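Open the model in your viewer and keep the selection tool ready. We will go from stop to stop, and at each one you will pick something and look around.

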Amino acid sequence: MASTNNVTELIIVGLFQDPEVQRACFVMFLPVYLATVVGNGLIVLTVNVSKSLRSPMYFFLSYLSLVEITYSSTVVPKFITDLLAKIKTISLEGCVAQIFFFHFFGVTEIFLLTVMAYDRFVAICKPLRYTTIMSQFVCRLLVAVSWLGGIIHSMVQILVTVQLPFCGPNVIDHYFCDLHPLFKLACTDTSVEGVIVLANSGLISVFSFLILVSSYIVILYNLRNHSAEGRRKALSTCASHITVVLLFFGPAIFLYMRPSSTFTEDKLVAVFYTVVTPMLNPIIYTLRNAEVKNAMRKLWEKKDSGIK
């Protein structure tokens with residue numbers, strides 16, 4: 001850390017204080033996290049193995065699922081193990097590292113969702129030029145830019161954080177390390193840093209969300225010229241994406257586009273987008289997508305035939 005700090009270790013308050021409630025949360029959240037890893041991992045495997053899922057949409061979906069695994073894994077494993085611990089601690093360096101990777105993967109997901117909306121826009125509004133516009137090179141470039149954007153965003157957050165002095169107290173009122181709770185522990189005024197975080201996190205969320213909404217308004221308008229079957233298929237695909245966008249952006253905008261206050265509601269909202277939403281994404285995409293379900297079924301049948 002760049003600043004001189006008396007604090008080297010932080011105590012995490014956690015989600016609940018009652019040991020019984022914490023044990024109940026452990027029993028509930030552990031299967032959710034395992035389902036997140038298995039479900040998203042299965043999508044990554046299916047897309048990479050199946051020859052029928054070679055379109056850009058599934059290429060982006062596989063990277064989104066990969067990001068979901070890493071995004072959830074920056075927070076949830078420690079959160080789950082802390083539910084069984086009497087004293088929950090993390091080093092200051094570990095806290096900053098968690099913030100870095102949490103924001104890195106979170107913003108990468110935002111950019112990937114925006115890229116996926118652009119892919120649907122081109123597919124529906126410019127179908128004759130789709131394969132030319134969404135070439136393999138362009139798809140890889142868009143994914144690379146999404147990762148790069150996440151890194152740049154996260155580095156800004158960390159550069160702001162490491163300049164702050166922490167001289168006590170050392171109790172962080174959350175169940176994982178994030179910027180607003182950590183800023184509360186700094187022994188200096190953090191109003192400027194708060195504005196930077198608002199601009200860096202909140203505005204990225206809002207502008208990306210507005211781009212997404214605009215894309216889907218144009219898509220829905222253009223669907224008027226499609227056949228009934230074409231509209232049904234396009235709406236089915238878009239509905240899955242819109243659902244995921246709302247589940248992700250809603251909590252993000254709630255947390256980062258307002259001044260920090262009490263963290264009671266923040267913790268509950270954070271549980272939703274760090275634990276629950278990453279598990280829901282593979283369910284949403286597979287239940288509404290016949291191609292993914294068929295590819296998974298073939299993969300399973302191939303596995304069974306290999307065992308026999």
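## Salt bridges

A search through the whole structure turns up four salt bridges. The model you are looking at is predicted. Side chains of opposite charge can pair when their charged atoms come close. We will visit three stops of this kind.

**Stop 1.** Select Asp-82 and Lys-78. They form a salt bridge, and their closest N and O atoms are 3.2 Å apart. Now show helix α3, residues 76–82. Both residues lie in this helix, four residues apart, which is about one turn. Is Asp-82 buried or exposed? Asp-82 is buried, because its relative accessible area is 8% and buried means under 20%. Lys-78 has a relative accessible area of 24%, so this residue is partly exposed.

**Stop 2.** Select Asp-119 and Arg-120. Their side chains meet in a salt bridge, with 2.9 Å from N to O. Asp-119 counts as buried, at 1% relative accessibility. Arg-120 counts as buried too, at 13%.

**Stop 3.** Select Asp-173 and Lys-267. This is a salt bridge with its closest N and O atoms 3.0 Å apart. Where does each partner lie? Asp-173 is in the loop between β3 and α7 (179–183), while Lys-267 is in helix α10, residues 264–287. The pair therefore ties together parts that are 94 residues apart in sequence. Check the surroundings of each. Asp-173 is partly exposed, with a relative accessible area of 34%. Lys-267, at 9% relative accessibility, counts as buried.

## The sheet

**Stop 4.** Switch to a cartoon view and find the strands. Three of them form an open sheet, in the order β2-β1-β3, with mixed pairing. The edge strands are β2 (89–91) and β3 (171–172), and each of these pairs on one side only. Strands of a sheet pair through backbone hydrogen bonds, either parallel or antiparallel.

**Stop 5.** Select strand β1, residues 9–12. Look towards β2. Three bridges join β1 to β2, and the two strands run antiparallel. Pick Leu-10: its bridge partner in β2 is Ile-90. Pick Ile-11: its bridge partner in β2 is Thr-89.

Now look towards β3. Here β1 and β3 pair in the parallel sense, over two bridges. Ile-11 stands opposite Val-171 in β3.

**Stop 6.** Stay on β1 and show its side chains. Which of them point to the buried face? Leu-10 and Ile-12 point to one face and are buried. Glu-9 and Ile-11 point to the other face and are not buried. The side chains alternate along the strand.

**Stop 7.** Add helix α4, residues 92–125. This helix lies across β1, β2 and β3. Turn the view to see its direction: α4 runs at about 85° to β2.

## Neighbours from afar in sequence

**Stop 8.** Select Val-75, in the loop between α2 (56–73) and α3. Val-75 is buried, because its relative accessible area is 1% and the cut-off for buried is under 20%. What is in contact with Val-75, leaving aside its neighbours within four places in sequence? Show Gln-98, Phe-102, Tyr-175, Phe-176 and Thr-274: these are its contacts. Take Thr-274 as one of them. Val-75 and Thr-274 are 199 residues apart in sequence, and 7.2 Å apart in space from C-alpha to C-alpha.

**Stop 9.** Select Pro-19, in helix α1 (residues 19–49). With a relative accessible area of 48%, Pro-19 is partly exposed. Then add Ala-85. These two residues are 66 apart along the chain, and their C-alpha atoms are separated by 9.2 Å.

## A nonpolar patch

**Stop 10.** Show the surface. Select Leu-148, Ile-152, Val-156, Val-192 and Ile-196. Together they make a nonpolar surface patch of about 400 Å². Which elements give two or more residues to the patch? They are α6 (136–162) and α8 (191–222). The most comes from α6, with three residues.

Finish on Ile-196, in helix α8. Ile-196 counts as partly exposed, at 32% relative accessibility.

Note on methods: Residues numbered from 1 in each chain as written. Predicted model: local features only at pLDDT ≥ 70, side-chain atom pairs only at ≥ 80, totals over all residues. Heavy atoms only, no water. Patch = residues over 30% accessible without salt bridge, like charges linked within 9 Å, V, L, I, M, F, W, Y side chains within 5 Å. Areas by Shrake-Rupley, 256 points an atom, 1.4 Å probe, with all protein chains shown as cover. Buried < 20%, exposed > 50% of the residue type's maximum accessible area, 1.4 Å probe, protein only. Pairing = 2+ DSSP bridges. Contact = heavy atoms within 4.5 Å. Axes fitted to C-alpha atoms, helices over the stretch in contact; angles between N-to-C directions.
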